Amino acid sequence: MKKDTSDTLKRAEHFQMVLIGEGLVVGGIAGLVIVLYRMFLEYAGEWLQMILAFCSRHPLRIAGWFLILLLLAWFVGRLLKYEPMISGSGIPQLEGEMTGKLDQRWWRVLPAKFLGGFLCLLGGLALGREGPSIQLGAMVGKGVSKGMERGVTEEKYLLTCGASAGLAAAFHAPLAGVMFSLEEVHKNFSVSVLVSVMTASLSADFMASTVMGAESVFQFEIIQTLPPEYYWMILLLGIVLGCLGAFYNWFTLKVQSLYRNARNLSVTKKLMIPFLCAGVLGFTMPEFLGSGHALLDYLTTEDVLMGTILFILAGRFIFSAVCFGSGAPGGIFFPLLVLGGFIGGAFATAGVQYMGLPVMYINNFVVLAMAGYFAAIVRAPLTGIILIFEMTGSLNQMLTLSIVSIVAYMVATLLRSKPIYESLLDRILEQQSGETLVDHGEKVLQNFVVLQGSRLTDAMIKEVEWPGNCLIVAIQRGSDEILPKGSTRLQTGDVIVAMTSERDVPVVHDGMEMLCKELF
């Protein structure tokens, strides 16, 4: 049903209360979907170990397993041809949809992503469940929106709710789900979205905790907080993580480009490369397979030599890039946390050997490096800090987590490394160039926050050259809503509510973001 301007504005008046109820629905359904996804992936991991044990030292069985891997690659390739939007983690696709540049078909993405992720983990690919969980949750939100005949404006809120629910259920981290959705997906901290996203995240986490248990993802033993005399090492670690995070982004995109430039390789043939690599590693280095959770347990519970740490780090780094670059449906969220943990382990081991660091603090640096590496790559430091806090169940590292995340963020920014999900979205949009999005003829409301130091700060509305085909309908300042006039002077923190037609959403979004962003 087409929504006109008056319908959109009237509906927006009741957004806050309506979205709480809808967030509860989306969170419950998304939580159930992600719980099923986690269960299937756990079965995939268990079956993989049974298959490798069954085939070990039997040449005919090993050959049979390689044939099955080729079959899995073929089947995943068919899924990618059926629905290209399931490629990779799914987070860039969600961000593209939030800005009006992509339009995912939820009824195709949901089953294809679910099955594709399961088959990739069954084959042993080094991919994560968290990015796909975010995309699956968002598609649940879109499905609920379509089923309830909501407008495009409301649909974007429900996409955000679903994304938050997906991460919360995948990581058992409801606060991180909220923060990631606001910081990385919605890019807006308005009260309406905050309350609804929290509702969705908590309901999904309750669903996951009821079925999967309430234990934190990692069971790290942090004996003691890091004393202040070692804080200089945190600063040094942040610099290292910033540099390595920038290198990760460059290398990941480079491998993806190598796959893309191989014109003689079809989608299926590209997928055969990581599946065959997984087959070789399964009988030589099975620890490299899967998401890498067991590797972090090994790192934090055993005395691991520096050479072993560096070998695992390099091997996982290359294998993860080979898997993700192929376009296989799976994420980099958890794999990059594993890499960050091993960087921290190598740094702390060097500190023990050459800088007088007591052995008991190695695990501290493993946890710190996970947050810092995430901040450098994704450029979402608040999410990284809260995520590691929730995953480890430890509050005593909040200060050090903040320090290393800020330093790594600054170093990666100074190196001009673009956030990985933005770069991946640009790649998708390049491939989508020339395709026309469906226009339902609706009017869409978009919110934009005036940041400190932006060109809009202290400017009157009549002085600003606004994007074309855009109407400023309200200014939200704290709990007050101001009717905009030409003489209305904007302030830092104001939320500008702009209305545009559905077809103009991408152009208006980019133009408003340029106006609202910081100049320095």
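Colleague: How many bridges join strand β2 to strand β4?

Modeller: In this predicted model, strand β2 covers residues 470-477 and strand β4 covers residues 495-501, and the two run antiparallel. Within this pairing, L471 stands opposite M499, while Q476 stands opposite V495. The number of bridges that join β2 to β4 is six.

Colleague: Which residue of β4 is the bridge partner of V449?

Modeller: Strand β1, which spans residues 443-449, runs antiparallel to β4 and is joined to it by seven bridges. V449 belongs to that pairing, and its bridge partner in β4 is V495.

Colleague: Which residue takes a positive phi in the hairpin of β2 and β3?

Modeller: Strand β3, residues 480-482, is antiparallel to β2 and joined to it by three bridges, with I475 having I482 as its bridge partner in β3. Two residues lie between the strands of this hairpin, and the positive phi, near 65 degrees, is taken by G478.

Colleague: Why is β4 described as largely enclosed by the rest of the structure?

Modeller: Residues V495, V497, M499 and S501 point one way from β4, whereas I496, A498 and T500 point the other way, and all are buried. Burial here means a relative accessible area under 20%. The strand is therefore largely enclosed by the rest of the structure, the number of its residues that are buried being seven of the seven.

Colleague: Which helix gives the largest share of the largest nonpolar core?

Modeller: The largest nonpolar core has 137 residues, and those with the most contacts inside it are F333 and L337. The largest share of this core, 13 residues, comes from residues 362-378, which form helix α15.

Colleague: Which residues does L337 touch, not counting residues up to four places away in sequence?

Modeller: L337 is one of the residues with the most contacts inside the largest nonpolar core. With residues up to four places away in sequence not counted, the residues that L337 touches are F171, M370, F374, L387, I388 and M391. Apart from the largest core lies another core, with V450, C470, M512 and L515 among its residues, and its residue count is 17.

Colleague: Is L115 buried or partly exposed?

Modeller: L115 has its place in helix α5, residues 106-123, and together with L71, W74 and F75 it makes a nonpolar surface patch of about 380 Å². The largest share of that patch, three residues, comes from helix α3, residues 59-82. Because its relative accessibility is 32%, L115 counts as partly exposed.

Conventions:
Residues numbered from 1 in each chain as written. Predicted model: local features only at pLDDT ≥ 70, side-chain atom pairs only at ≥ 80, totals over all residues. Heavy atoms only, no water. Patch = residues over 30% accessible without salt bridge, like charges linked within 9 Å, V, L, I, M, F, W, Y side chains within 5 Å. Areas by Shrake-Rupley, 256 points an atom, 1.4 Å probe, with all protein chains shown as cover. Salt bridge = Lys/Arg side-chain N within 4 Å of Asp/Glu carboxyl O. Helix = DSSP H or I, 4+ residues; strand = E, 2+ residues; numbered from the N terminus. Buried < 20%, exposed > 50% of the residue type's maximum accessible area, 1.4 Å probe, protein only. Pairing = 2+ DSSP bridges. Core = buried A, V, L, I, M, F, W, Y, C linked by side-chain atoms within 4.5 Å. Contact = heavy atoms within 4.5 Å.
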